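Please open the model in your viewer and keep the sequence panel visible beside it. The stops below each give something to select, followed by a description of what is found there.

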Amino acid sequence: MLETQELRIAAASLLKGKIEELFRLFVNPKIIIVGDFNENPTDGAITSVLQAEALGKTIENERLYNLSTAWAKPNNGTLKYQSQWYVFDQILVSGTLLLPGQNLQTKPSDARIISLPFLLEDDKKFGGKKPFRTYNGFNYQGGFSDHLPVLIKLTVSD
């Protein structure tokens, strides 16, 4: 992972610039960023470059909050490498989406990892479960992905 750290930081810097541009151009933009960051929620590109933080008591409109932070716990994640789970697939939102009274909003419990049984298989080498991959090396397995999908529910009100 160290060999790609510079590229992850560059990508996060580009994204941070676009986010700052949205904050400059629009009043209280509702920003949702979802994807495979190839980092955990507490790693450098997420916390230092994007400055995405765990949800606290105070929510600010022009901050990013990482709704995936709570997912990082033993035997939980979106990707399993050997015996270790990682939360590489994350959901970041602007504070505007977390404040009550908005016409479009979400909350941390509305963001989750989808780990339906058909997306998993037994991990015979390291124990427990792992994502049911399409390929294992060059061998076709017929699965879905080496990552589990993530979901965010948005509530729209008048």
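Begin by selecting T106 and, with it, the residues that it touches beyond its neighbours within four places in sequence, namely L67, L97, L98, I152, K153 and L154. As you look at these residues, keep in mind that the model is a predicted one. T106 sits in the loop between strand 7 (104-105) and strand 8, and with a relative accessible area of 4% T106 is buried. Now show the side chain of T106 together with the backbone of K153, and you will find that this side chain reaches the backbone oxygen of K153 at 2.8 Å.

**The whole chain**

Next, zoom out and display the chain as a cartoon, in which you can trace two helices and 14 strands. Taken along the principal axes, the C-alpha atoms fill a box of roughly 50 × 35 × 25 Å. If you colour the chain by accessibility, the buried residues will account for 32% of its 158 residues. A surface view shows about 9,700 Å² exposed by the chain, with carbon and sulfur atoms supplying 54% of that area. How far apart are the mean positions of the 17 positive and 17 negative charges? They lie 5 Å apart. If you draw the contacts between residues at least 6 apart in sequence, 62% of them join residues at least 24 apart.

**A buried glutamate**

Now select E39, which you will find in the loop between strand 1 (32-36) and helix 2 (44-49). Is E39 buried or exposed? E39 counts as buried, because its relative accessibility is 2%, and the cut-off for that class is under 20%. Add the side chain of R8 to the view, since the side chain of E39 makes a polar contact with the side chain of R8 at 2.9 Å. Apart from its neighbours within four places in sequence, E39 is in contact with R8, G44, A45, I46, V87, F88 and Q90.

From I46, one of these contacts of E39, you can measure across to S13, which lies in helix 1. S13 and I46 are 33 residues apart in sequence, and their C-alpha atoms are 9.9 Å apart in space. S13 itself is partly exposed, with a relative accessible area of 39%.

**Aromatic rings**

F88, another of the contacts of E39, leads on to the aromatic pairs, of which the structure holds four. Select Y86 and F88, which form a tilted pair with their ring centres 5.3 Å apart and 40° between the planes. Y86 is partly exposed, at a relative accessible area of 23%, whereas F88 counts as buried, at 4% relative accessibility.

Then move to F118 and F144, whose ring centres are 5.3 Å apart and whose planes stand at 75°, so this pair is edge-to-face. The pair links distant parts of the chain, as F118 and F144 are 26 residues apart. F118 belongs to the loop between strand 8 (111-113) and strand 9 (120-122), while F144 belongs to the loop between strand 12 (139-140) and strand 13 (150-152). Both residues are partly exposed, F118 with a relative accessible area of 48% and F144 with one of 47%. Add F132 to the selection, and you have the three residues F118, F132 and F144 that form one aromatic cluster.

**Two asparagines with positive phi**

For the last stops, turn to the backbone angles and select N28 and then N38. Most residues other than glycine have a negative phi. N28, although not a glycine, has a positive phi of about 50°, and N38, which is likewise not a glycine, has a positive phi of about 55°.

Where is N28 found? N28 is in the loop between helix 1 (5-25) and strand 1, and at 31% relative accessibility N28 counts as partly exposed. N38 is found in the loop between strand 1 and helix 2, the loop in which E39 also lies. With a relative accessible area of 28%, N38 is partly exposed, whereas E39 counts as buried.

Methods:
Residues numbered from 1 in each chain as written. Predicted model: local features only at pLDDT ≥ 70, side-chain atom pairs only at ≥ 80, totals over all residues. Heavy atoms only, no water. Helix = DSSP H or I, 4+ residues; strand = E, 2+ residues; numbered from the N terminus. Buried < 20%, exposed > 50% of the residue type's maximum accessible area, 1.4 Å probe, protein only. Polar contact = N/O pair within 3.5 Å; in protein donor to acceptor, adjacent residues only side chain to side chain. Contact = heavy atoms within 4.5 Å. Phe/Tyr/Trp six-rings, centres within 6.5 Å; stacked < 30°, edge-to-face > 60°. Areas by Shrake-Rupley, 256 points an atom, 1.4 Å probe, with all protein chains shown as cover. Lys, Arg positive; Asp, Glu negative; His and termini not counted. Charge placed at Lys NZ, Arg CZ, Asp CG, Glu CD.
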